[in-house]
Amino acid sequence: MAPIDYIERIPNNVDLSENRRLLRALEDWQPKFLEWWHDMGPEGFQSRDVYLRTAVSVDAKGWAQFGYVKMPEYRWGIFLAEPEGDRRINFGDHQGQPAWQEVPGEYRGTLRRLIVTQGDTEPASVEQQRHLGRTCPSLYDLRNLFQVNVEEGRHLWAMVYLLDAHFGRDGREESEALLQRRSGDHDKPRILGAFNEKTPHWLSFFMFCFFTDRDGKYQLASLAESGFDPLSRTCRFMLTEEAHHMFVGESGVGRIVQRACELMREHRTDDVRKHGGIDLPTMQKYINFHCSVSLDLFGSEVSTNAANFYTAGLKGRFEETKKTDDHRLKDGTYPVIGLDGETIVTRREPALVSLNERLRDDYVADCQRGVSRWNEIIKSHGIDFTLTLPHRAFRRAIGAFADVRVSPDGRVISQAEWDARHRDWLPTEEDEAYVGSLMKPVTERGKMAAWIAPPARGVNGQAEDFEYVRLT
Ligand SMILES: [Fe+2]
Ligand SMILES: [Fe+2]
């Protein structure tokens, strides 16, 4: 395995200098990426020193190094996890065959689509978050935002590497197109719905990192099982970085919840808005919104596409290799929820076409663990309130429930009841205006906006008043 080469213009551990054609393609793409970063990356702060981590190895222990970097000088590069000796395809019709090092011709189009769809989410989130720096609640949070942004930029590099290295001219065209679509743009939107939503303030940023980046984790984890080995190795290293994004989300929401609880106790009231906090019922509405948007990213409950990806050995289940069944799923069944008239029912569907729902199950269980930790914070303040995930049929735009109205507790309801109640379940314009009104920048060292508690500890063990972003 080559160590990460930082002497080259494009840091990498894939012996890029040995492959002239690929090197030229990526060197041609690099200035276009920087132009995109300049136009669509974080607004402002580009000439500031930011305390960022940079990958210096793909070894799980000690892979990153911390130091001040100006964002446009971040060393975006190509890092693949170590190859596994004699890796095999672990599922589907090709089970037991050696993992592919080159794209199998018959799956070329499908694989390209999978990579482009994943790749498209990476720059999309940077675009969605580009204005947040202006209203940061602290330097600590500002730095975390930028860390997430530069790493999403690197994830784009990861996918562009696969396209350029393995898909010839088509791949290079897709690499260009990844820089041309724009989140929320009518004419050239990003591919997936959740990545065209706005991230207008820090509450939605933290919720996005918790719910939507977690979808990313589950998609990457199932692509990490792929029989196409370069994709597997790329995704495995991306998952190492991804963990931080979900930490930012969970701890960010947790700190807002904590602050709300402190204000409730201090002022003996539920009306924490009067004291500049974000009340728990409002937090619940944002959970309902971001969870439902993210659930759609897993696709239809019953999906022949998902079955085909699996049978072809392109995309596995979460932790496929650790499972002990036959890894072919030709005769098994799986419980899937659907509609029977006005009732939500569970049916046994063939396991192969149920893979989206199975991945959604893994995702929901993971989300619930985070929500339970938020509830621990509430409980530790002696407050009687429980945050919950909405029912998975709530406010869905894709799949079996796209055409019905469902309450957060999972009842199919009439349009009239929806009209009467949806303001209790989802953020209203007033909620948005209130949360927006709190978004005043706090950039003094060690200071924190009043609506969020300080973090439990600093980045890389730094002190509370550490200068995470040098503004002077
Ligand atoms: Fe990412
Ligand atoms: Fe991420």
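How far apart are the iron ion (ligand 1) and the iron ion (ligand 2), and which residue coordinates both? The two ions are 3.4 Å apart, and the shared residue is E152. This report describes a predicted model, beginning with the two iron sites and moving on to helices, strands and aromatic rings.

## The two iron sites

The iron ion (ligand 1) is held by E122 (OE), E152 (OE) and H155 (ND1), with distances of 2.0 to 2.2 Å. Along the sequence, the donor residues of this ion follow the spacing E-x29-E-x2-H. Two of them, E152 and H155, lie in helix α3 (residues 139-166). They are three residues apart there, about one turn of the helix.

The iron ion (ligand 2) is coordinated by E152 (OE), D213 (OD), E242 (OE) and H245 (ND1), at 2.0 to 2.2 Å. The spacing of its donor residues in sequence is E-x60-D-x28-E-x2-H. D213 belongs to helix α5 (residues 202-223) and E242 to helix α6 (residues 229-267). These two residues are 29 residues apart, and the pair links distant parts of the chain.

What are the angles among the four donor atoms of the iron ion (ligand 2)? They run from 83 to 169°, and the site is irregular. A tetrahedral site would need all angles between 85 and 135 degrees, so the range of 83 to 169° does not fit that class.

Are the donor residues E152, H155, D213 and E242 buried or exposed? The table gives their relative accessible areas. A residue counts as buried when this value is under 20%, and each row below meets that limit.

| Residue | Relative accessible area | Class |
|---|---|---|
| E152 | 2% | buried |
| H155 | 0% | buried |
| D213 | 6% | buried |
| E242 | 3% | buried |

## Aromatic rings

Helix α5 (residues 202-223), which holds D213, is followed here by a look at the rings. The model has 31 aromatic pairs. In one of them, the rings of F210 and F211 have centres 4.7 Å apart and planes at 80°, so this pair is edge-to-face. The angle is over the 60 degrees that this class requires. Both F210 and F211 are buried.

F210 also has a charged neighbour: R214 lies over the face of its ring, 4.2 Å from the ring centre. A second case of this kind is R470, which lies over the face of Y68 at 3.6 Å from the ring centre. Elsewhere, one aromatic cluster is formed by W29, F33, W36, W37, Y74, W76 and W157.

## Strands and sheet

Three strands make up an open sheet with antiparallel pairing, in the order β2-β1-β7. Strands β2 (64-70) and β7 (469-470) stand at the edges. Each has a single partner strand, so one side of each is left without a neighbour in the sheet. Strand β1 (residues 49-55) pairs with β2 over seven bridges, in the antiparallel sense. Within this pairing, V50 has V69 in β2 as its bridge partner.

Another antiparallel pairing joins strand β3 (residues 333-340) to strand β4 (residues 343-350), over eight bridges. How many residues stand between β3 and β4 in their hairpin? There are two residues between the strands, and G341 in the turn has a positive phi of about 65°. D340 stands opposite T343 in β4, while L339 has I344 in β4 as its bridge partner.

T343 can also be placed relative to I413. The C-alpha atoms of these two residues are separated by 9.8 Å, although the residues are 70 apart along the chain. I413 is in strand β6 (residues 412-413), and its relative accessible area of 8% makes it buried.

## Helix α9

Helix α9 (residues 355-380) has 26 residues. What span should helix α9 have at 1.5 Å a residue? The expected value is 38 Å, and the end C-alpha atoms are 38 Å apart, which agrees. Just after α9, G382 takes a positive phi of about 70°.

Methods. Residues are numbered from 1 along each chain as its sequence is written. Chains are lettered from A and ligands numbered from 1 in the order in which they are written. This is a predicted model: local features need pLDDT of at least 70, side-chain atom pairs count only at pLDDT 80 or more; totals for chains, interfaces and linings use all residues. Side-chain values use heavy atoms; hydrogens and water are left out. Donors are N, O and S atoms within 2.8 Å of the metal (3.2 Å for Na, K and Ca); water is not among the atoms, so sites may look incomplete. Four donors count as tetrahedral if all angles lie between 85 and 135 degrees; four count as square planar and six as octahedral if opposite donors are over 155 degrees apart and all others between 65 and 115; anything else is irregular. Helices (H or I, at least four residues) and strands (E, at least two) are DSSP runs, numbered from the N terminus. Buried means under 20% relative accessible area, exposed over 50%, partly exposed in between (1.4 Å probe, protein chains only). Two strands pair if DSSP finds at least two bridges between them. The expected span of a helix is 1.5 Å times one less than its number of residues. Rings of Phe, Tyr and Trp (its six-membered ring) pair if their centres lie within 6.5 Å; planes under 30 degrees apart count as stacked, over 60 as edge-to-face and the rest as tilted. A charge sits over a ring if NZ of Lys or CZ of Arg is within 6 Å of the ring centre and within 35 degrees of the ring normal.
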